[in-house]
Amino acid sequence: MIARTLIRSQRFSRGFATHAGPNTALPAVLHLKTGQSFHGRSFGAPRSTFGETVFSTSITSYTESMTDPSYRSQILVFTTPLIGNYGVPNNKAPIDLQDVGVVMESEGIQCSAVVVADVAEKFSHHAAVESLGSWCCRFNVPGITGVDTREITRLLRDQGTTLGRVAVGADASAPAPTPEKYWEPSTENLVDQVSTKIPYYLNPNGDVRIAVLDFGAKANILRSLIRRNAAVTVLPWNFDFNTIRDQYDGLFLTNGPGDPRHCMDVALKLRKTLSEWGKPVFGICMGHQVIGMAAGLEAYRMTFGNRGHNQPVLALASAGSIKAGRVYVTSQNHQYALKLTDPFPAGWEPFFINCNDSSVEGIKSTAESGKKVWGVQFHPESAGGPLDTMEMFTDFLAECRAHRLTTPVDLTDSFKDYAAPRLQEVSVRA
């Protein structure tokens, strides 16, 4: 009996969690342009940075949030108290019929800094290979812990998304920057920074050809297409799709960071596409806003946006798997939205509305228009978040396949000389 107990104990003798590393934290402080400062200690890269301070209410999936290109140049405050408890996995994956080269949402951390109440000193997960702190160090991203994220979140909800600076080490004891020193990311075209620079293929032998305009695509959007056997060509955000549109069965517009008004030229090109090309078009997040601007709607900056995995939206119309009158729980990450106007532009109707703030969460072409165009502000592919609307990818590709039966595509290969690059790593601004 004693021998069996000893043998059993040896099998489980390893620790149940891995230490995140030596505690060599420097002092750190989060300064907001509105005058508030929050003092804590650093983890991650020992450097200071500017950014736009936003909060996310997501409870899990911090690795997916931090690698989402829509968080480009933002100081990300997690409302969940404990972050880092399951570490960070190896981010390498095959490029095949099931995956696109990464486990997370891009190859690197996209946010400029991370703010948490309590960073985990130990992490435990079968797939974890490093701690949150060491991962941030590798990508030169600073973090601050030991601050009251509840108070920060209440401030951001009351006064709106606010420019900030994370000061680390010697910078933490220096005075807060004067208002004119804060950097405003929305003045820059962040989409151009995160979009692919050259076209590339995924699953080239799929049974339906989809062009993807990449405004900063999350990897799970591309996974969701290829796992439904779509042959995907990913294009730079400002590529003129009209020059090659007859080679494709559908057009997909992805998420992306920043102000959609930087993409007005794309919206004008898309307006020509929508008026002359009768095949299905689907847009998510930034892609949804670009479709809205092409339809004649105006995009505006929300007070603090919606970021998290628990946003309820009400379907106002039915389409495919979506049923009018039902509430869907969605994953979101956006600062801008489309204005709800009455009347709506001809040929268009609201598709979803947010149950919390009544903002527009989706638009679609009307049945009378003869078009098959949808845009949604939320993320049906989640990663992380609920899967309530995941079947919208199936609906979109079903319409593309139906159109392919009646309107065959031109099988010219416009990009045969391009190799398939990996999803691009991006650096963060000092």
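Q: What does buried mean, and what share of the 430 residues in the protein chain do buried residues make up?
A: Buried means under 20% relative accessible area, exposed means over 50%, and partly exposed lies in between, with a 1.4 Å probe and protein chains only. This is a predicted model, in which local features need pLDDT of at least 70 and side-chain atom pairs count only at pLDDT 80 or more, while totals for chains, interfaces and linings use all residues. Residues are numbered from 1 along each chain as its sequence is written, and side-chain values use heavy atoms, leaving out hydrogens and water. On this footing, the buried share of the 430 residues is 57%.

Q: What radius of gyration does the protein chain have?
A: The radius of gyration is taken over C-alpha atoms, and the globule rule is 2.2 Å times the number of residues to the power 0.38. For 430 residues a compact globule would come out near 22 Å, and the protein chain agrees with this, having 23 Å.

Q: How many helices and strands does the protein chain have?
A: Helices (H or I, at least four residues) and strands (E, at least two) are DSSP runs, numbered from the N terminus. Counted in this way, the protein chain has 9 helices and 25 strands.

Q: Which strands are the edge strands of the open sheet formed by 10 strands?
A: Two strands pair if DSSP finds at least two bridges between them. The sheet runs in the order β16-β18-β17-β19-β20-β25-β24-β23-β21-β22, with mixed pairing. Pairing on one side only marks the edge strands, which are β16 (200–202) and β22 (327–338).

Q: What angle does the direction of helix α9 make with that of β17?
A: Helix α9 (residues 392–406) packs on the sheet and touches several strands, among them β17, β18 (230–236) and β19, where contact means heavy atoms within 4.5 Å. Axes are lines fitted to C-alpha atoms, for helices over the stretch in contact, and angles run from 0 to 180 degrees between N-to-C directions. By that convention the angle between α9 and β17 is about 125 degrees.

Q: Why is strand β5 largely enclosed by the rest of the structure, and which residue in β10 stands opposite its V77?
A: Strand β5 (residues 74–78) has 5 of its 5 residues buried, so it is largely enclosed by the rest of the structure. In a regular strand the side chains alternate between the two faces of the sheet. Both faces of β5 are covered, with Q74, L76 and F78 buried on one side and I75 and V77 on the other. In parallel neighbours, V77 stands opposite F55 of β4 (residues 49–56), while in β10 (residues 113–115) its opposite is V115.
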